Structure formats: C-alpha cells, structure tokens
Amino acid sequence: LPGLPKRYGSAGLYEERFVCLARAGHPRLGRGGLSLEAFLDLPHLLVTLRDDARGAVDAALAKLGRSRRVAATVGRFLVVPHVLRDSDAVATLPSRLALAVAAGAGCRVHEPPLALDGWTETLVWSRAAERLPLQ
C-alpha cells in the first residue's frame, strides 16, 4: 500500500489471484478449460460497490481490444455462488474465496483465459490502537 500515512501500520498476509467460478454442469464449460471466446460469450456476474460495471477483468480485456457483457452486479462476494448455481453466468473472484465456496455451492473453479494481475492481501491498522490496553 504505497503512500499509507505513518499513523497506520500494515502487514502483507498472503498473495492472491483471480479464478473463474461457474455452476457445475454448465453446458458451455467442460473439463477442457475455459477459452477466451467462451469466456466472452458468457454473461458475467461482477462484484462491485461502485456504480460502474467495470473491474480488473475489464481492464485486462481492454488491453486486448476486447470486452465482456456484465449481465448483473452484486455488492457482496458471498451472493455470487447462489446466483451462479441457477444461471449460466460466470464470475471472476479471488481464488481463496472461490475454492472455499465452490463445492458447497454446486460450482466449479476454472482458470481465467487471460492474464490477470494478482495482489497481496494486506492487513492495515491504526497505530493508535497499539497503545490501547488489551481487554
């Protein structure tokens, strides 16, 4: 987190990456993987708290001169498997979340068909809290 004010402390927790999640038995997704063309043809579910329907996938696709169709947006990651279970949509999610919910939600994890940057999940805290007594 570059530029974090000194009044905050931070620690990297783990490296994360994106994967795709879709319902098990999806008619367009077999065991052979997810092609870019199939990925672009599918409706997409996007998790966002903003008013726009753009995310990291859209930025990566724009570099390729391509775009996807975001069919719906939701404001919470844990809503995604419930929507996917009853649709032909695909969602691109953090891998740890996708792997944790896939089997119980009747979904399968697929590798994304394009390069997506990973990131470090980081814990941030107020240094003022370091001086508070534990209760």
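**View 1. Glu37 and its partner Arg66 in a salt bridge.** In this predicted model, Glu37 comes out as partly exposed, at 44% relative accessibility. Its partner is Arg66: the two form a salt bridge, and their closest N and O atoms sit 3.1 Å apart. The pair joins distant parts of the chain, with Glu37 in helix H1 and Arg66 in the loop between helix H2 (56-63) and strand S4 (69-74). Count along the sequence and you'll find them 29 residues apart. Is Arg66 buried or exposed, or something in between? Arg66 is partly exposed, with a relative accessibility of 33%.

**View 2. Another salt bridge that involves helix H1, this one between Asp41 and Arg28.** Here the side chains of Arg28 and Asp41 meet, with an N to O distance of 3.5 Å. Once again, distant parts of the chain are linked: Asp41 belongs to helix H1 (36-41), while Arg28 sits in the loop between strand S2 (18-23) and that helix. The two residues are 13 apart in sequence. How exposed is each one? Arg28 is partly exposed, with a relative accessible area of 42%, and Asp41 is partly exposed too, at 46%.

**View 3. Asp58 and Arg68, a salt bridge between buried residues.** The side chains of Asp58 and Arg68 meet at 2.9 Å, N to O. Asp58 lies in helix H2 and Arg68 in the loop between H2 and S4, so this salt bridge ties together parts of the chain that are ten residues apart in sequence. Now check the accessibility of both ends. Asp58 has a relative accessibility of 7%, so Asp58 counts as buried, because the cut-off for that word is under 20%. Arg68, with a relative accessible area of 11%, is buried as well.

**View 4. Ala38, a buried residue of helix H1.** Back in helix H1, have a look at Ala38. Ala38 has a relative accessibility of 9%, so this residue counts as buried. How far apart are Ala38 and Pro113, in sequence and in space? Along the chain, 75 residues separate them, yet their C-alpha atoms are 9.2 Å apart in space.

**View 5. The whole structure, with its salt bridges.** How many salt bridges does a search of the whole structure find? The search turns up six. Among them are Arg66 with Glu37, Arg28 with Asp41 and Asp58 with Arg68.

Notes: Residues are numbered from 1 along each chain as its sequence is written. This is a predicted model: local features need pLDDT of at least 70, side-chain atom pairs count only at pLDDT 80 or more; totals for chains, interfaces and linings use all residues. Side-chain values use heavy atoms; hydrogens and water are left out. A salt bridge is a side-chain nitrogen of Lys or Arg within 4 Å of a carboxyl oxygen of Asp or Glu. Helices (H or I, at least four residues) and strands (E, at least two) are DSSP runs, numbered from the N terminus. Buried means under 20% relative accessible area, exposed over 50%, partly exposed in between (1.4 Å probe, protein chains only).
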